[in-house]
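Q: I am new to this structure. Please show me how to read the aromatic pairs in it.

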Amino acid sequence: MSKNFVKTVLVLSAGLMLIAGCASTGAATTQNVLPQASGNARNLKFEIIDWQGASFGAEIPEWAQIVLTDKEQLDRIAAAPTYKDLAVRTASAQGKDIDLLKRWVQNDIAAAVTREIAQTITVKSGQGMSGNKDNDKDAQKLLQDVMGVFSSVTLNGLEKSREFWVGRRDKATGKESYEYVAVYVINKEDLQLQIDRALGKVAAKTEKEKAMLTDIKAAIQNSVDKVQHIDFGEQ
């Protein structure tokens, strides 16, 4: 084998590696731009500088893009056939340590969903009693009983379906951090059964209280059927 032939092969190999490297860099640059689907997505206060699998050429999945930048489109996540008959909750958390963020969300997601249900009850009950300065004391007691029940409820059956992380930089301050996003699901019937079991501990005596409890159940059912996002904030 001649020296000239060896040199030619080496030069060609180096050229191919250079071209491949340029192509990879170009791909990473385009992946760094999230889709601009709505006004919310266009007004991001941060830029993506890294993401899960970026070093292997992976792209940011569509569901993660929605949770990160366009929460008005959350219903698109739940519309996937995979989530038929499941209650879907998305979650996000920001901080410096991605492993801590994962554990934080994993450990607190059930309590967070319970708090979400309690908030639904508070809003619905407030609407029902608004405009009446002499609210029925029994109705107020019923609300306190319902809230007391849910303060001690621990939901079972929530499962993590998907997770993803990105590294981001604040456009105003230059501060860098991670954002962790995840999708959790639970069978709707199982969730409703646990809610009904909890509400079954509340005694509604008068017709007004029974009607109020029926309204609360309907509000919770409506909440269960919709995709809800839980923002854990920054750690």
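A: Start with one ring: tryptophan 165 has 17% relative accessibility, so tryptophan 165 counts as buried (under 20% relative accessible area; exposed is over 50%, partly exposed in between, with a 1.4 Å probe and protein chains only). The model is predicted: local features need pLDDT of at least 70, side-chain atom pairs count only at pLDDT 80 or more, and totals for chains, interfaces and linings use all residues. Residues are numbered from 1 along each chain as its sequence is written, and side-chain values use heavy atoms, with hydrogens and water left out.

Q: How is a pair of aromatic rings described?

A: A pair is described by the distance of the centres and the angle of the planes. Rings of Phe, Tyr and Trp (its six-membered ring) pair if their centres lie within 6.5 Å; planes under 30 degrees apart are stacked, over 60 edge-to-face, and the rest tilted. By this rule the count is two aromatic pairs. In one of them, tryptophan 104 and phenylalanine 232 are edge-to-face, at 5.6 Å centre to centre and 70° between the planes.

Q: Which parts does the pair of tryptophan 104 and phenylalanine 232 tie together?

A: Tryptophan 104 is in helix 5 (residues 98-129) and phenylalanine 232 in strand 5 (residues 228-234), so the pair ties together parts 128 residues apart in sequence. Helices (H or I, at least four residues) and strands (E, at least two) are DSSP runs, numbered from the N terminus.

Q: Is phenylalanine 232 buried or exposed?

A: Phenylalanine 232 is buried, with a relative accessible area of 13%. Tryptophan 104, at 23% relative accessibility, counts as partly exposed.
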